[in-house]
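Biologist: Could you take me through one part of this model slowly? I'd like to look at the place where the two chains come together, and then at whatever helps me picture a single chain.

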2 protein chains.
Amino acid sequence: MSDDMPRPSRRQLLTAALVAGGGMAAGRAMAQGSPDPAITEVQPWRRYLGDGVDARPYGHPSPFESHVVRRNVPWLTADTISSINFTPLHELDGIITPNGLCFERHHGGLAEIDPSAHRLMIHGLADRPLVLTMQDLMRFPRENRVYFLECAANSGMEWAGAQLNGCQYTHGMIHNVMYTGVPLRLLLKEAGVRSSGTWILAEGADASGMTRSIPIEKAMDDVLVAFAMNGEALRPEQGYPLRLVVPGWEGNMWIKWLRRIEVGDQPWYQREETSKYTDLLPSGLARKFTFEMDAKSVITSPSPQAPIQTGPGPVVLTGIAWSGRGTIPRVDVTIDGGITWVKARMSGPSLDKSIHRFYHDFEWDGRPMLLQSRAHDSTGYVQPTKQMLRAIRGENSIYHNNGIQTWAVDEAGRAENVEIS
Amino acid sequence: MSDDMPRPSRRQLLTAALVAGGGMAAGRAMAQGSPDPAITEVQPWRRYLGDGVDARPYGHPSPFESHVVRRNVPWLTADTISSINFTPLHELDGIITPNGLCFERHHGGLAEIDPSAHRLMIHGLADRPLVLTMQDLMRFPRENRVYFLECAANSGMEWAGAQLNGCQYTHGMIHNVMYTGVPLRLLLKEAGVRSSGTWILAEGADASGMTRSIPIEKAMDDVLVAFAMNGEALRPEQGYPLRLVVPGWEGNMWIKWLRRIEVGDQPWYQREETSKYTDLLPSGLARKFTFEMDAKSVITSPSPQAPIQTGPGPVVLTGIAWSGRGTIPRVDVTIDGGITWVKARMSGPSLDKSIHRFYHDFEWDGRPMLLQSRAHDSTGYVQPTKQMLRAIRGENSIYHNNGIQTWAVDEAGRAENVEIS
């Protein structure tokens with residue numbers, strides 16, 4: 001660790017406390033002989049023994065964190081079984097998403113699969129078609145990688161202008177976990193994939209029967225057949241017992257409840273890659289196979305669901321950035337709507353195709369702000385404005401909106417989703 | 001990813017399937033016209049829509065994973081409120097421990113603290129004593145780091161010989177998560193720590209009032225006052241809302257429910273660093289302040305709780321390794337009790353003072369095996385045998401046993417905790 005992080009001065013903290021009635025005054029009060037009973041008096045949790053250990057073989061969050069949950073936008077999807085549950089990004093920190101809070105999107109409800117009855121078939125242009133049990137799969141070498149998964153429709157409602165008031169809703173179709181899985185290329189080689197095989201079709205075992213076509217080059221490169229996330233088995237809503245991991249590519253391709261891989265010599269043009277997940281341009285033509293997720297970032301706090309509650313003085317601005325093409329060496333931040341930009345402080349491992357965490361520790365003077373962040377990825381790509389995107393792509397699509405997000409903060413610290421020209 | 005990983009040959013997989021009646025036979029059967037109904041018939045989860053999304057604002061594991069839980073050893077601790085709940089290492093993979101499965105050890109039950117009533121006091125040899133609310137703390141710059149936490153008593157029962165039959169019990173007092181927290185040195189500087197301050201005392205707010213002395217050099221180096229683990233708030237059993245993170249040092253020092261930091265000019269010699277957490281030598285003298293956790297490793301599968309169930313053929317041997325002094329560049333593995341050693345394959349990020357994951361993918365001939373792993377850390381230290389440790393430290397202590405663990409595997413694939421000379 002280095003000491004190059006800015007540190008709030010005591011004067012600034014105390015000023016802030018006086019303005020906001022915040023707790024730093026307690027420190028001063030103690031020195032002046034007005035002790036804070038919260039530290040001088042014996043609290044209930046010190047007076048009585050707590051629960052024993054065996055009551056929690058599998059732990060859960062504190063009841064005081066019951067507001068930290070995934071949330072739906074009821075009008076956004078047609079019905080309850082085809083729905084989205086957004087990650088509460090404004091409540092999280094670091095780069096790992098805990099399994100219980102990973103956003104979920106499905107099209108036929110959550111499949112509850114008995115792993116002993118689950119099979120993965122690999123067939124098509126393959127000399128030795130395979131049907132694998134979970135036990136079979138566990139005999140192949142595996143790898144561990146941290147990757148973000150972002151839905152192509154993340155921020156999709158924002159194409160038409162600032163709409164959803166909170167980063168949970170504007171950017172919450174993303175999560176970032178450590179996967180453990182078998183490289184798909186090992187299974188394809190085991191099945192004797194033919195040289196004429198140029199595409200694969202991946203199919204889910206759930207009621208929606210989700211299918212997507214993936215080029216064989218990607219399948220033979222870094223795609224995993226994953227069975228674990230953050231150390232434990234996949235969660236049911238994340239495809240238990242098996243899901244495809246397609247690093248850096250749109251989330252819809254990461255087939256959950258994976259049951260079948262077919263090898264072919266052309267894409268299948270299934271529903272989810274034709275009527276869905278293509279990007280309709282103003283010309284009437286559509287961009288197809290826009291697999292890679294472009295570099296993107298968002299400030300998660302302050303944000304509409306995470307206002308500044310401590311008044312002027314030290315503020316920790318934080319957010320996340322990611323790219324489907326590599327790492328994020330740099331994020332810029334502005335608090336004045338782009339008049340001045342500063343380089344954010346990054347903290348946490350910088351991993352390929354993973355979320356990165358950035359901070360900007362500054363003194364807020366209490367005046368309104370326009371907050372923005374701008375990601376640079378390791379290929380040199382710089383996150384564009386929404387205006388730049390619209391100039392080329394129009395507003396027909398709901399997919400691949402990686403434009404710069406603006407939050408307007410007022411004198412009271414409240415934040416709102418806005419757009420500035 | 002590279003292709004240097006060994007890959008089970010089809011012949012080997014099929015042989016294994018025939019011997020064990022395993023699922024690989026299904027792949028062959030399909031080619032021969034005896035389809036596996038598990039793949040050819042429509043399964044219930046494809047036939048009916050699953051649960052909708054809103055039912056799970058905070059997710060939980062599949063009911064088919066209900067065996068993956070923390071477990072206690074009833075006779076190991078005096079009563080239920082001073083107890084240990086061990087991480088099920090044999091069920092996990094990768095390097096991240098999910099929050100619900102992180103081992104826990106406490107001495108007065110689980111404190112359920114209301115964060116709005118929680119305070120952190122910093123006082124003693126400090127010019128400007130502080131009492132901080134949680135909101136105050138959130139105004140200081142923070143960092144994200146992945147660290148292992150290991151209890152000094154992990155493997156403690158094994159000093160007297162092979163005792164507990166499973167790595168959950170022999171090595172399960174460890175977990176590895178990403179912490180988010182404020183560097184303690186920023187808070188000490190804010191409090192105006194005096195140059196005469198050479199030690200700190202950290203105190204917990206729970207009913208046991210846990211206290212430990214820590215040298216100021218460590219406190220000013222990499223110690224964090226953490227409020228989040230794996231992205232979300234600390235779990236109650238891990239010290240919600242605040243815990244100390246003391247990277248690489250014994251877990252007992254990572255004070256949970258942190259309420260007070262006192263700066264002094266000598267250690268306090270509290271109960272937990274005198275009658276406990278000192279290492280009694282055969283001479284009658286005790287090693288004290290054995291803070292650093294030495295390099296260590298264990299094979300998590302195969303192991304007594306994770307036998308080989310697929311018969312001879314391809315086996316994925318896996319385990320974890322860690323060091324309180326740095327990273328783990330290398331782990332050696334033997335399947336014949338140390339006659340021949342091979343370098344294990346590492347997979348996953350190699351981070352300072354973090355768990356590392358290793359694999360050995362090999363063909364099992366079905367004969368009995370003696371499995372061992374041996375960690376090398378970035379300082380050049382090599383994990384010793386238990387015999388080497390006992391020769392110097394005797395068998396009085398329960399702490400700091402980082403000796404090499406042996407699992408004996410029989411012809412049926414069952415594993416047992418043994419010692420070999």
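Biologist: What percentage of the interface residues of chain A are also interface residues in chain B?

Modeller: It's 100%, so the copies meet through the same surface; contact here means heavy atoms within 4.5 Å. Before going on, some ground rules: this is a predicted model, where local features need pLDDT of at least 70, side-chain atom pairs count only at pLDDT 80 or more, and totals for chains, interfaces and linings use all residues. Residues are numbered from 1 along each chain as its sequence is written, chains are lettered from A and ligands numbered from 1 in the order written, and side-chain values use heavy atoms, without hydrogens or water.

Back to the pair. A turn of 180° with a shift of 0.0 Å along the axis lays chain A on chain B with an RMSD of 0.0 Å, using a least-squares fit on C-alpha atoms of residues with pLDDT of at least 70 in both. The two copies are thus related as by a two-fold rotation axis. In chain A, the C-alpha nearest that axis belongs to A:P98, 3.6 Å away.

How far can you trust this? pLDDT is the predictor's confidence in each residue, from 0 to 100. Chain A averages 90, and 90% of its residues reach 70 or more. Residues 1-32 of chain A, though, stay under 50.

Now zoom into chain A. Strands here are DSSP runs of E, at least two residues, and helices are runs of H or I, at least four, numbered from the N terminus; two strands pair if DSSP finds at least two bridges between them. An open sheet of five strands has the order β4-β3-β12-β7-β8 in chain A, with mixed pairing. β4 (130-132) and β8 (211-215) of chain A are at the edges with a single partner strand each, so one side of each has no neighbour in the sheet. β3(A), residues 120-124, runs antiparallel to β4(A) and is joined to it by three bridges, with A:I122 opposite A:L130.

Elsewhere, β5(A), residues 143-150, has seven of its eight residues buried (under 20% relative accessible area; exposed is over 50%, partly exposed in between; 1.4 Å probe, protein chains only). Eight bridges tie β5(A) to the antiparallel β6(A), residues 174-183, and one bridge pair is A:F148 with A:N176.
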